[in-house]
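Please open the model in your viewer and keep the sequence panel beside it. The tour below goes from one selection to the next and says what is there at each stop.

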Amino acid sequence: MLIKQSKNAFIRTTQRYGYIVNQLTRHDRTYDEYGADLLRSISREPQDVDDIVNKLLEIYEGVSFDELKADFMDFANSLARDKFVVMGDTEDVLEQKDDDFTYAIDNPKTLVDNYYQETEEKVGQNTQDFFYEELQGRPLISTLQFELSSRCNERCIHCYIPNDKKNHGFDMPLEKVKSVIDEFSAMGGINVTLSGGEAFLHKDLMTIVKYCREKDLKISILSNLISLKDEHIKVLKEANISLIQVSLYSMDPAVHDFITTIPGSWKRTKGAIEKLVAEDIPVQISCPLMKANKVGYDKVLEYARSLKIKAQTDYIIMARSDLDTGNLANRLSIEETADVLRDIINNDIDYREQTLTQVPPSEEMVLDFEKFKQQPVCSVGYDNCCITANGDVYPCAGWQDYILGNVYKQLGCPVRCTKFSSLS
């Protein structure tokens, strides 16, 4: 029997725990030290189960081969049922079982109908709770937003990045990008989001995407897509990226172009979205709401639904990072926000038909409100950070008046990586 890690699964382990996530199903799991040893024995290359068990016997002396193999097979079969690994008698069978992302299925946004994991072994249902408790006093940056270029080819009226920064922007050199990725990977990082400015303005973006794949990172890209070229699509497909998120503000070209202030941007963005969908590359539409598009945004949701891609709306607008609040004139009022929230609940089919209909399968999974109140409202300063093209490190992309360090000026990670647990 052969086994290998799914092309869509990512594994990280420490001496204390193991973690695995699947970018297609959006499921993830954490395991104790024993589970971490079992996870660590699985790789992206096909291996014979007997060979894996023999290696594990070097760690677990005094345990019989048959007993350890039975344990491993129970573990592996549980992972296979949730598409974290694939198993079969030949390498060809493994390839056939290893799912690719495709829009040809009914719901390509996720391969599962719910996020409850019913397993025979003890698996924590909420990995967010696990990491919040596990990382107290042991900080670990697992997610990095990398603003590769401060240049942008749009001038959106609500953007938190000042236009002067875009007008006089620059790109981080490729070698510096690679060195930061090297360090992030060595720290055990798993999620990297490539953004800007506009990510596709960086001339080496495709090289960076390939390098992130070599480092086994889960890759997302934030872009307006108006600079997407046909030659980019092949690289993105081969890299098996997790997601490209693009802003589409309206199905009325005039409204969209008014917000971006770039004539013709709607046509180019919409065309790029449809090219990516045609090539089975996962796309998500973001439709930030403001006064200019508060009427008609539901048509964007309908358009996304017609393509079977995910779309989300967001009514939050942040002031510019230079503390200029002029862009906030576009923000919805409290009354307008309340109306929008009611509309979202009525128009979001996924929310209404899936989220609202799910109930906890057991008493243990009922939300603990006291515990919930003690948790952070977001992950700023918790498990992620943002690095911009000039090397500054921020708690998050929207908090750019609080500099933690600079990757050009400090040796090693400027966010005190000496305290991070090492993952492999």
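Is Lys83 buried, partly exposed or exposed? Select Lys83: its relative accessibility is 34%, so it counts as partly exposed, where buried means under 20% relative accessible area, exposed over 50% and partly exposed in between, with a 1.4 Å probe and protein chains only. Before going further, note that this is a predicted model, in which local features need pLDDT of at least 70 and side-chain atom pairs count only at pLDDT 80 or more, while totals for chains, interfaces and linings use all residues. Residues are numbered from 1 along each chain as its sequence is written, and side-chain values use heavy atoms, with hydrogens and water left out.

**The whole chain**

Colour the chain by secondary structure, which comes to 15 helices and 15 strands; helices (H or I, at least four residues) and strands (E, at least two) are DSSP runs, numbered from the N terminus. Of the 424 residues in the chain, 48% are buried. If contact means heavy atoms within 4.5 Å, then 69% of the contacts with a separation of 6 or more are between residues 24 or more positions apart.

**The three-stranded sheet**

Now select strands 2, 3 and 4, which form an open sheet with the order 2-3-4 and antiparallel pairing; two strands pair if DSSP finds at least two bridges between them. Strand 2 (9–13) and strand 4 (28–31) are the edge strands, each pairing on one side only. On average, and with direction ignored, neighbouring strands of this sheet are turned by 10° against each other.

Centre the view on strand 3 (residues 18–22), which is joined to strand 2 by five bridges in the antiparallel sense, and by a hairpin through four residues. Along this pairing, Arg12 stands opposite Tyr19, and Ile11 has Ile20 as its bridge partner. On the other pairing, strand 3 meets strand 4 over four antiparallel bridges, with Val21 and Asp28 as bridge partners. Five residues lie between the strands in this second hairpin, and Arg26 takes a positive phi near 65° there.

In a regular strand the side chains alternate between the two faces of the sheet. For strand 3, Gly18, Ile20 and Asn22 on one side and Tyr19 and Val21 on the other are all buried, so that both faces are covered. Because five of its five residues are buried, strand 3 is largely enclosed by the rest of the structure. Add helix 5 (residues 127–134) to the selection: helix 5 lies across strand 3 and strand 4, and runs at about 40° to strand 4.

**Two crossing helices**

Next, select helix 2 (residues 49–57) and helix 3 (residues 65–81), which pack at an angle of about 115° with their axes 10 Å apart; axes are lines fitted to C-alpha atoms, for helices over the stretch in contact, and angles run from 0 to 180 degrees between N-to-C directions. Show the side chains at this contact, where residues of helix 2 including Val49, Ile52, Val53 and Leu56 meet residues of helix 3 including Phe65, Leu68, Phe72 and Met73. Following the chain past helix 3 returns you to Lys83, in the loop between helix 3 and strand 6 (85–88), where phi is near 65°, a positive value in a residue other than glycine.

**The nine-stranded sheet**

Move to the open sheet of nine strands, whose order is 12-11-10-9-8-7-13-14-15, with mixed pairing. Strand 12 (310–314) and strand 15 (405–406) stand at its edges with a single partner strand each, so one side of each has no neighbour in the sheet. Within the sheet, strand 7 (residues 143–149) and strand 13 (residues 384–387) run parallel and are joined by four bridges, and Leu144 stands opposite Cys385. Helix 7 (residues 174–186) lies across strand 7, strand 8 (191–196) and strand 13, running at about 180° to strand 7.

Just before strand 12, select Lys308, in the loop between helix 12 (297–307) and strand 12. Lys308 has a positive phi of about 65° although it is not a glycine, and is partly exposed, with a relative accessible area of 27%.

**The cysteines**

Finally, select the cysteine sulfurs. The structure holds zero disulfides, a disulfide being a pair of cysteine sulfur atoms within 2.5 Å. The sulfur of Cys156 is 6.2 Å from the closest cysteine sulfur, in Cys159, which is too far for a bond; Cys156 counts as buried, at 12% relative accessibility. Cys386 also counts as buried, at 1% relative accessibility.
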